[in-house]
Amino acid sequence: MNLTPHSNQNLPVQDLPVVVGITGASGSILGFRMIEVLLQQNCPVELVMTEKSLQVIFEELNFKVSGQEKSERIIQHLGLPSEKTGLLKVFGNHELDAAPSSGTHLTRGMVITPCSMGTLGRIAAGIGDNLVSRAADVTLKEHRKLIIVPRESPLNQIHLKNLLTLSQCGVCIIPPVLTFYLKDFQSMDGQINYTLGKVMDQLGLAHDLYTRWGNHTSSNNTPELVKTP
Ligand SMILES: Cc1cc2nc3c(=O)[nH]c(=O)nc-3n(C[C@H](O)[C@H](O)[C@H](O)COP(=O)(O)O)c2cc1C
């Protein structure tokens with residue numbers, strides 16, 4: 001393997017990149033918003049999109065990407081200031097010699113959002129045949145934080161067994177489930193923010209994606225809390 005020397009060896013943990021994998025499950029917006037939220041917090045991002053995700057991204061976001069997209073175009077698509085470009089590196093899924101393929105390359109951890117059942121199965125079986133599954137394998141072997149946002153419904157027993165296998169290996173599984181208890185969550189954006197806020201909490205990164213329980217106004221006269229009929 002022709003691994004190029006890595007530049008992040010001596011970075012303090014807060015400057016280490018988060019590897020973001022986007023797969024061909026529905027919910028590409030969860031991947032793109034993830035990048036946006038991380039970059040807004042000035043967290044470096046190393047992005048890998050699977051080949052299948054490119055089709056889903058086009059279907060769902062009407063954004064045509066090549067897989068090895070220039071970071072400038074993604075930053076532009078996200079509406080972020082161009083100064084953020086230096087924080088985003090994009091790798092092709094076939095690039096098994098890219099930095100996230102090696103445990104010597106330090107990262108804060110990895111998030112796969114949305115995660116297809118195919119990628120889930122590959123990780124659970126230890127098959128590192130593309131950069132997303134290899135980087136996940138490396139994240140696990142180095143005992144770093146691996147967070148998966150799996151998307152499928154309904155789930156069959158194979159999916160559930162694979163999720164259990166990964167959970168037993170210490171993977172944090174954050175399914176994008178509907179959430180209702182605060183008004184913050186009453187829109188599609190609110191639901192997405194809820195899921196990604198949970199991811200940010202797991203990464204130990206600050207965010208203001210939702211009001212935290214206990215920080216909302218009291219339930220008797222609050223305009224924020226959803227009242228049950
Ligand atoms: C529009 C569209 C939506 C899809 N949604 C899902 C999904 O939610 N979950 C899933 O596991 N697979 C979904 N698939 C199928 C995956 O794309 C397919 O299994 C693919 O092989 C996954 O490969 P990857 O894990 O390398 O991205 C979807 C496919 C398409 C075209």
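Which residues does Thr-85 touch, not counting residues up to four places away in sequence? Ser-71, Glu-72 and Ile-75. I'll come back to that loop. One caution before we go on: this is a predicted model.

Let me start with the whole chain. There are 229 residues, and 50% of them count as buried. The secondary structure comes to 7 helices and 6 strands. Reading from the N terminus, the order is β-α-β-α-α-β-β-α-α-β-α-β-α. Now the contacts. Take those in the chain with a separation of 6 or more: 72% of them are between residues 24 or more positions apart. The accessible surface of the chain is about 11,300 Å². Carbon and sulfur atoms hold 51% of that surface.

Next, the sheet. It is open, with 6 strands, and the pairing is parallel. The strand order is β3-β2-β1-β4-β5-β6. β3 and β6, the latter at residues 172-173, stand at the edges. Each of these two has a single partner strand, so one side of each has no neighbour in the sheet.

Let's walk across it, beginning at the β3 edge. β3 and β2 run parallel and are joined by 5 bridges. Here Leu-47 stands opposite Val-90 of β3. So is this edge strand enclosed or open to the outside? β3 is largely enclosed by the rest of the structure, because 4 of its 5 residues are buried.

Move on to β1. Its pairing with β2 is also parallel, over 5 bridges. Leu-47 turns up again here, as the bridge partner of Val-20. So keep an eye on Leu-47: it faces Val-90 in β3, and it partners Val-20.

How many of the residues of β1 are buried? 5 of 5, so to speak the full strand, and β1 is mostly covered. Val-18, Val-20 and Ile-22 point one way. Val-19 and Gly-21 point the other way. Both sets are buried.

Now the far edge. β5, residues 145-150, pairs with β6 in the parallel sense. That pairing has 2 bridges. Ile-148 is the residue opposite Ile-173 of β6.

On to helix α2, residues 51-61. Which of its residues are buried? Ser-53, Leu-54, Val-56 and Ile-57 are. What do they pack against? β1, α1 and β2. In residue numbers, that is 18-22 for β1, 28-40 for α1 and 45-49 for β2. Just after the helix comes Asn-62, with a positive phi of about 55 degrees.

Now the ligand. There are 14 residues around it. Which come nearest? Gly-24, Thr-50, Ser-116, Thr-119 and Arg-151. By type, the shell divides into 3 nonpolar, 7 polar and 4 charged residues.

Here are some distances. The side chain of Thr-50 places an N or O atom 2.7 Å from a ligand oxygen. Thr-119 has a polar side-chain atom 2.5 Å from an oxygen of the ligand. With Arg-151 it is the backbone: a polar atom there is 2.7 Å from a ligand nitrogen. How much of the ligand is covered? On its own, the ligand has 650 Å² of accessible area, and the protein covers 70% of that. Two elements give two or more residues to the shell: α2, and α4 at residues 117-124. So to link back, α2 lends residues to the ligand shell, and its buried residues pack against β1, α1 and β2.

Last, the loop I opened with. Thr-85 lies between α3 and β3. Ser-82 is in that loop too, with α3 at 71-78 and β3 at 88-92.

Are they buried or exposed? Ser-82 has 55% relative accessibility, which is over the 50% cut-off, so Ser-82 counts as exposed. Thr-85 has a relative accessible area of 15%, under the 20% cut-off, so Thr-85 is buried.

Glu-72 is a good reference point here. Thr-85 touches Glu-72. Ser-82 and Glu-72 are 10 residues apart along the chain, and their C-alpha atoms are separated by 7.2 Å. Ser-82 also makes a polar contact, side chain to side chain, with Glu-83, at 3.5 Å.

That's the tour. Questions, please.

Note on methods
Residues numbered from 1 in each chain as written. Predicted model: local features only at pLDDT ≥ 70, side-chain atom pairs only at ≥ 80, totals over all residues. Heavy atoms only, no water. Near = heavy atom within 4 Å. Polar contact = N/O pair within 3.5 Å; in protein donor to acceptor, adjacent residues only side chain to side chain. Areas by Shrake-Rupley, 256 points an atom, 1.4 Å probe, with all protein chains shown as cover. Nonpolar A, V, L, I, M, F, W, Y, C, P; charged D, E, K, R; others polar. Buried < 20%, exposed > 50% of the residue type's maximum accessible area, 1.4 Å probe, protein only. Contact = heavy atoms within 4.5 Å. Pairing = 2+ DSSP bridges.
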